[in-house]
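Visitor: I have the sequence and the structure open beside me. Could we go through them together?
Guide: Certainly; please begin wherever you wish.

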Protein chains: 2
Amino acid sequence: MVIADFQVARTPKIYFGAGKFRELPNIVTLMGQNVLLVTGTNSLQTFGKLATLIQAFREMQLEYVSCSVSGEPTPEFIDDTVATYKTRQIDVVVAIGGGSVIDAGKAISAMLTADDSVVNYLEGVSVKNHDGLKVPFIAVPTTAGTGSEATKNAVLSRIGSDGFKSSLRHENFVPNIALVDPELALTCPPAITAACGMDALVQLLEAYVSTQASPFTDALAWSGIEHLQQSLIPVCTTRSQQIEARTDMAYAALMSGIVLSNAGLGIVHGLAGPIGGLFHIPHGVVCGTLIGAATKVNIDYLKKEGIDHIALKKYAAIGRLISGEEGTDIEAGCQLLLTKLESWIDKLQLPRLSVFGIRRSDVSEIVKRSAIKNNPARPAITDINQILLERL
Amino acid sequence: MVIADFQVARTPKIYFGAGKFRELPNIVTLMGQNVLLVTGTNSLQTFGKLATLIQAFREMQLEYVSCSVSGEPTPEFIDDTVATYKTRQIDVVVAIGGGSVIDAGKAISAMLTADDSVVNYLEGVSVKNHDGLKVPFIAVPTTAGTGSEATKNAVLSRIGSDGFKSSLRHENFVPNIALVDPELALTCPPAITAACGMDALVQLLEAYVSTQASPFTDALAWSGIEHLQQSLIPVCTTRSQQIEARTDMAYAALMSGIVLSNAGLGIVHGLAGPIGGLFHIPHGVVCGTLIGAATKVNIDYLKKEGIDHIALKKYAAIGRLISGEEGTDIEAGCQLLLTKLESWIDKLQLPRLSVFGIRRSDVSEIVKRSAIKNNPARPAITDINQILLERL
């Protein structure tokens, strides 16, 4: 297997491990005096972690201001926050929360150096290129899912018929630091843990079979899936309070961010974009509910190109890994993968699309707006429709 | 297997692939106008690549100055070069060459911002801490070995009885950009290709079994060894002109740099330091000639702690990978590794230490100055002596 050309963006400096959150004040101090703290309406506050952090900031005589993100961040929220804090000479932005909070922090850190609206820089919405200058940014995820702590884009959303989910993107927007403390997810409820876990899984799987995959992203995607497969179901059921399972999931999510940034994604994410723009539905749920049907379509198409297609070999290898069954051929390995994906979707009770108001009559509009991205196969429109119809 | 705490430094931005060298002028332009080019007494010039690069610099109206490194860089060379160019407001340092050249460029880029001698910042030689500020640095390796294009340290040497090999080290010294073009190594002669290849192998293997290894470094070390094992012998013999083999080796070397930076190294590198300080002997030759004997000692020690020691499992997994034999137990897997290492040392005709003037009477002094680093076992002095005696 010849190695094709590839590029890798700088990864964040990573601090990984249970209890690392306690090191945050010392890390922040190294980066400056004026802190903008971005949080969600999360449970950190309940558990006093945020209070402890702020107490430490005070003791270290750091100046801080804070803002709170509710739901997925909108361009208006970013613009308003930037307008409020622009004159304060912020030295470092610290975002503590789920993917939405980290995306908000990432966009704020990027826009504190610009003079106009973030809308002007959103892919597919407007045309300006950001110069990449930003205020240093620390990402502290409290869920194990989006991997935003390691990606170069921030997803902003506007919901409705003119809605979008669109990215502010630049290689320099990869967080300077990703502080990943699996303890922070211990209180994450099962349904959210499941949706986030499926998001990470889909990112790892789509990047692994992506047309832009490299040996570097393959190695990290494989490693992420290896850890995720042993903890995805336990962390949502019997082992939600076990730090080892939370640690596996936090690691898998972090890897998913690195690999999606550098290998791209596939058809599930190509559908998740327009679905998220048109409907109120958690991103992880879309990804998780569609991955089985989408992988089946991909495998069917790839088989037409020959059973020794590299993406089929990869699907089969993942099938063997996650089922624990060795030595099967490619055909059987792919089947192991499909069976296991269906079983996970089932066990995690991932809701169908119709639960969120998506109807048969919406399918063609969603598919019209969808993108194929770096998907290994090129399915016909009717087959893409079918992916959605199966999960209505 | 529970994931223990770990840290990862920022990787460089990586441009990887045959022909990428042609993109260098465009990449440099993005970083500024004033370039300091660091090269070796290498063959690039012969092949006109350097002339083409300089022509492109001129056409793009970049200002450039250059310096040439011969042999391993000394502190005096770094200080003199910095003194010469300090007033020129260099925007970017570009080093094109083997490990010594890249280490020189890395040290120069770091010292252009300081006002005193680099000696003051060398580990184990002096005590000052560098603040990490540097001029942006692009590393372009022309050999596949040290992985310096992805590490945070520059090794400087003084040879003799008061000699040392010591590192200038800071996380910020990881090159901003690693441009890895396997074409540049096509003219590298077999003996140098072999020594560099063994250096990469030892770095990958020592980092893989290091006490500081993480799933992140494990994944990349494995991936590096996977590619190295299929090309190490061919690239030194029948396939030296094949870009696929050079590409495998370039990738393995790059991975070795990332993993050694983040997982550390073992006893072979702990011995290579003092040997390189006391004698004129290529670093890759020391590593390659010692890895068989050192791995045997490690395995013997680890077995005393129990055959299911994680490092033994890892050695065995690598043994299976590089021998292509599946399904053996840990004991047999370790033996496959030792056999293959001996076979490679033999096929590549790695010289013994005595060829470079090292005598039996030097052994105790070398071992006295050696370090155990993050070696998975803690062998007694007599057994460390034995590693050297076997390869005298």
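Visitor: What rotation superposes chain A on chain B?
Guide: This is a predicted model, and in it a rotation of 180° with 0.0 Å of shift along its axis places chain A on chain B, at an RMSD of 0.0 Å. That is the relation of a two-fold axis.

Visitor: And what share of the contact residues of chain A recur in chain B?
Guide: The figure is 100%, and the same surface serves both copies.

Visitor: What are the confidence scores for the model?
Guide: The ipTM is 0.96 and the pTM is 0.97. Chain A has an average pLDDT of 95, and 98% of its residues score at least 70. As a general caution, predicted coordinates should not be read in detail where pLDDT is low.

Visitor: Changing topic: how many cavities of 30 Å³ or more are there?
Guide: The count is 9. The largest cavity has a volume of about 70 Å³.

Visitor: Which residues lie nearest the centre of that largest one?
Guide: They are Pro141(B), Thr143(B), Asp181(B), Pro182(B) and Ala250(B), out of a lining of 13 residues.

Visitor: Which helix gives the most to that lining?
Guide: Helix H7 of chain B, residues 243-263, gives the most, with 3 residues. By class, the lining of the largest cavity is made up of 8 nonpolar, 2 polar and 3 charged residues.

Visitor: Now to single residues. Where is Ile322(A) placed?
Guide: Ile322(A) belongs to helix H10 of chain A, which covers residues 310-323.

Visitor: Is Ile322(A) buried or exposed?
Guide: Ile322(A) counts as buried, because its relative accessibility is 5% and the cut-off for buried is under 20%.

Visitor: What is it in contact with, leaving aside neighbours within four places in sequence?
Guide: Ile322(A) is then in contact with Ile225(A), Gln229(A), Leu337(A), Lys340(A) and Trp344(A).

Visitor: What separates the C-alpha atoms of Ile322(A) and Ser370(A)?
Guide: They are separated by 29 Å, and the two residues are 48 residues apart along the chain.

Visitor: One more: where does Asp362(A) sit?
Guide: Asp362(A) is in the loop of chain A between helix H11 (330-347) and helix H12 (363-369).

Visitor: Is Asp362(A) buried or exposed?
Guide: Asp362(A) is buried, since its relative accessible area is 14%. Not counting residues up to four places away in sequence, Asp362(A) touches Phe279(A) and Gly357(A).

Definitions and conventions:
Residues are numbered from 1 along each chain as its sequence is written. Chains are lettered from A and ligands numbered from 1 in the order in which they are written. This is a predicted model: local features need pLDDT of at least 70, side-chain atom pairs count only at pLDDT 80 or more; totals for chains, interfaces and linings use all residues. Side-chain values use heavy atoms; hydrogens and water are left out. On a 1 Å grid over the protein atoms alone, a cavity is a set of points where a 1.4 Å probe fits but cannot get out, and a pocket is an open set with protein on both sides within 12 Å along at least five of seven lines; lining residues have an atom within 4 Å of a point. Grid points are joined across faces, edges and corners, and a volume is the space filled by probe spheres set on the points. Helices (H or I, at least four residues) and strands (E, at least two) are DSSP runs, numbered from the N terminus. Ala, Val, Leu, Ile, Met, Phe, Trp, Tyr, Cys and Pro count as nonpolar, Asp, Glu, Lys and Arg as charged, and the others, Gly among them, as polar. Copies are superposed by least squares on the C-alpha atoms of residues with pLDDT of at least 70 in both. Contact means heavy atoms within 4.5 Å. pLDDT is the predictor's confidence in each residue, from 0 to 100. Buried means under 20% relative accessible area, exposed over 50%, partly exposed in between (1.4 Å probe, protein chains only).
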